[in-house]
Number of protein chains: 2
Amino acid sequence: MRTINVEIITIGDEILIGQIVDTNSAWMGVELNKAGFRIAQITSVHDDANHIVNALNDALKRADVVLFTGGIGPTKDDITKHTLTEYFDTKLVFDEKVLRDIEELLKNRQRAMNELTRSQAMVPENCTVIQNPVGTAPITWFDKNEKIVVSMPGVPYEMKTAMTTEIIPRLKARFKTPAIVHRNVLVTGYPESALAIKIADWENALPADIHIAYLPNYGIVKLRLSGISDDGLSMDFAIKHQIEGLKEILGKAIVYEDDWPLEKIAGYWLTETNQSIATAESCTGGNIAHKITSVAGSSTYFKGSVIAYSNDIKTRILGVSEELISTHGAVSREVVEAMATGAQNLLKTDYAIATSGIAGPDGGTSKKPVGTIWISVAYKGGTYSKLFNFGKLREQNIERSTQAAFLMLLEQIKLINRDL
Amino acid sequence: MRTINVEIITIGDEILIGQIVDTNSAWMGVELNKAGFRIAQITSVHDDANHIVNALNDALKRADVVLFTGGIGPTKDDITKHTLTEYFDTKLVFDEKVLRDIEELLKNRQRAMNELTRSQAMVPENCTVIQNPVGTAPITWFDKNEKIVVSMPGVPYEMKTAMTTEIIPRLKARFKTPAIVHRNVLVTGYPESALAIKIADWENALPADIHIAYLPNYGIVKLRLSGISDDGLSMDFAIKHQIEGLKEILGKAIVYEDDWPLEKIAGYWLTETNQSIATAESCTGGNIAHKITSVAGSSTYFKGSVIAYSNDIKTRILGVSEELISTHGAVSREVVEAMATGAQNLLKTDYAIATSGIAGPDGGTSKKPVGTIWISVAYKGGTYSKLFNFGKLREQNIERSTQAAFLMLLEQIKLINRDL
């Protein structure tokens, strides 16, 4: 089967001036890959007719399908609909059915119709109009010269709903696609270059149709094996076979055999072992709890957290003694361990993660500069604590502390539950 | 002055298959705009020599500067350095100075040199090599036919450091740029189309060199006014003048006159009024606390939080009576208000935000379906509470509840402190 190439073009000045981060394209990439479509390129362009047309012409040279997101709101700065109408040499016509869909949606949201919203029922004549079930801007699907061009909303929720319920099913009906298989292995304990040297012989012996990529992140390297094949099952089997070889080389350095976020792995292991967790966070300010609770089903193992930004709360709620804080300082092994066991006792859990550090930009001293962070994991029987320094950037200190805390937790869960 | 166009090309299969979200480009867009450079296009391409070369050729037709990020790690899947060496018809040579920089960096990180890391001292002969102060991959700067092409790391921290300390200062020295001015106004209470109708006359009377864009987000619309001018001060003055006109039309619907995240506005107002805040979170799971503490300096007004995922913690720590929970259910006005006042009393703050809802995907009932969320803001003298339904997606329920909570908090702070 031939590879079907899809290009994504995101439209909007707000992307190019950096006012928003384009999170749509990554989501679309994952879902389209699952359906067997290869993403050939992602391009972000201005709300400008010439720019949109040039990008479309370039994309059509390379791809079978071009998916536009954005620029279809009712206000004047959004010009995608007019541009595509002209490009496909057609005209805008009033669509009674689209108007009824919009009326229904507004009624459910208890919002009034106005002239601008009504204008969204004007659609290009020679295309398939697809109802947007969760917004007022209709989706347009052009099928010309064996190529598909689709224009859909940029609002993530609307785009995701349209892709899942309409666009991907229609693309799958229109094209035969091979299977695109990705498998990931999360490795700890090796910098990227040291890992590459360690597994060089294995990598050199990989079959030509299996590709490898290294994706380093703080404290872990993701190794991705990918292949395209008409026979998805046998490609998946071939990749799994290679991963078995990798396991023989790397052993316990492999944390997990899937590209799951660490909080999802932790959640899975806690569920499997019927254990619970809490957090006591100072410098991470709730980010660890936020990550834990972003996982569906986390209420079965996550009990709660105390975010203790002030020392008073560390003392009154978590039971850390004032003396301990005044002797060692809030950012110390002693205090972070007392926070962890305090949360474990208060919230009655098997594990508790605690963090205490100086996220910055202020608050550093010569002995404890910005970036100094203590992390402790309390388990039944003790605490496991480490000191880190993650540098001067507040955002990075919060993110890396969170990642490090999950890695410590995973290590500890695996030590206690050896059959995981 | 002529507009200097910059294109960003991000390299890496991981972007196109959706394994990572490209957050670099947005950050670069903001910083380059501040320095007077216009981003003409952002393109994401595969780790593939032909693809990189084609994208570079296309970009050079449109832009004065092309900035590559990514694909310069030491492993085999990273090919940017080899591709650019061939493209610029040069060869790789060993650079003693680069090796010494790498050795110094490894020494500081207590890591050993290996052959792969050493290979990063091989650099293209006819380019300017710029030291990467926080990583082992050097930055390369090509200046040919009046165009600049730069290749830098994709790791966000390394890219940001390189851009701030080296690339932007060098680009500013190389090109004269006009000022690019953006000002934003955050508006609540109007859907996008209703807002556009409300301000239509004002919008139609805008000078031709000031552009407007609408950026709807849950509960707010950002209105952005932009202009490019050799005289940045007078453009800024002209835009401010237009915003004065907008204020006459929209009055209190304008929340804030800058594109700050809501948590930063809240932090600024709390600091200005010398007031403090805490949170008691159930369905948002710490995300509100995480947002509050992402703001530098938040320790002056944020005391802490109780994340109460289990009813037991709502009762034991926040002091919500068991009877209240059994009578009304955990997701109810009564319980969320008791959580808010409970946190306010426990953590001794002026304000407290509480959330209780069903984030999903499980846990919904016919009376309280997934997406049902109560939010309360406790202030000195009472509580302000609202019921929402944000639909079926867990991630969206958490995000929208967080946004709604900050909007309610801002409304309440402004009601109490009328001179803000």
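**Figure 1. Strand β2 of chain A meets strand β2 of chain B.** In this predicted model, β2 (residues 38-45) of chain A and β2 (residues 38-45) of chain B are joined by three bridges and run antiparallel. If you want a spot to centre the view on, try A:Thr43, which sits opposite B:Thr43 in β2(B).

**Figure 2. Where chain A touches chain B.** Zooming out from the strand pair, we get the whole contact between the two chains: 71 residues of chain A are in contact with 71 residues of chain B. On chain A's side, the top contributor is strand β14 (residues 302-308), which puts in seven residues. Sort the chain A side by class and you get 33 nonpolar residues, 25 polar ones and 13 charged ones.

**Figure 3. Helices α3 and α4 of chain A cross each other.** Here α3 (residues 49-62) and α4 (residues 80-87) of chain A have axes that come within 10 Å and cross at roughly 55°. Because of that angle, α3(A) counts as oblique to α4(A). The crossing of α3(A) past α4(A) is right-handed. From α3(A), the residues that take part are A:Ala49, A:Ile52, A:Val53 and A:Leu56, and they meet A:Thr80, A:Thr83 and A:Tyr87 of α4(A). Tallied by class, this helix contact has five nonpolar residues, two polar ones and no charged ones.

**Figure 4. A four-stranded open sheet in chain A.** Read across the sheet, the strands of chain A come in the order β10-β11-β9-β12, and the pairing is antiparallel. The edges belong to β10 (211-217) and β12 (254-256) of chain A; each has a single partner strand, so one side of each has no neighbour in the sheet. On average, and ignoring direction, neighbouring strands in this sheet are turned by 35° against each other.

**Figure 5. A closer look at β10 and β11 of chain A.** This view picks out one pair from the sheet in Figure 4. Seven bridges tie β10(A) to β11 (residues 220-229) of chain A, and the two strands run antiparallel. Look for A:His211, which stands opposite A:Ser226 in β11(A).

**Figure 6. Chain A by domain.** To place the close-ups along the chain, note that chain A is split into domain 1 (5-174), domain 2 (179-256) and domain 3 (262-416). Going by C-alpha atoms, the centres of domain 1 and domain 3 of chain A are 44 Å apart.

How values were computed: Residues are numbered from 1 along each chain as its sequence is written. Chains are lettered from A and ligands numbered from 1 in the order in which they are written. This is a predicted model: local features need pLDDT of at least 70, side-chain atom pairs count only at pLDDT 80 or more; totals for chains, interfaces and linings use all residues. Two residues are in contact if their C-beta atoms, placed from the backbone, lie within 7 Å. Ala, Val, Leu, Ile, Met, Phe, Trp, Tyr, Cys and Pro count as nonpolar, Asp, Glu, Lys and Arg as charged, and the others, Gly among them, as polar. Two strands pair if DSSP finds at least two bridges between them. Axes are lines fitted to C-alpha atoms, for helices over the stretch in contact, and angles run from 0 to 180 degrees between N-to-C directions. Angles under 35 degrees count as roughly parallel, over 145 as roughly antiparallel, 65 to 115 as roughly perpendicular and the rest as oblique. A crossing is left-handed if the near helix is turned anticlockwise from the far one by less than a right angle, and right-handed if clockwise. Domain bounds come from an automatic or database domain assignment.
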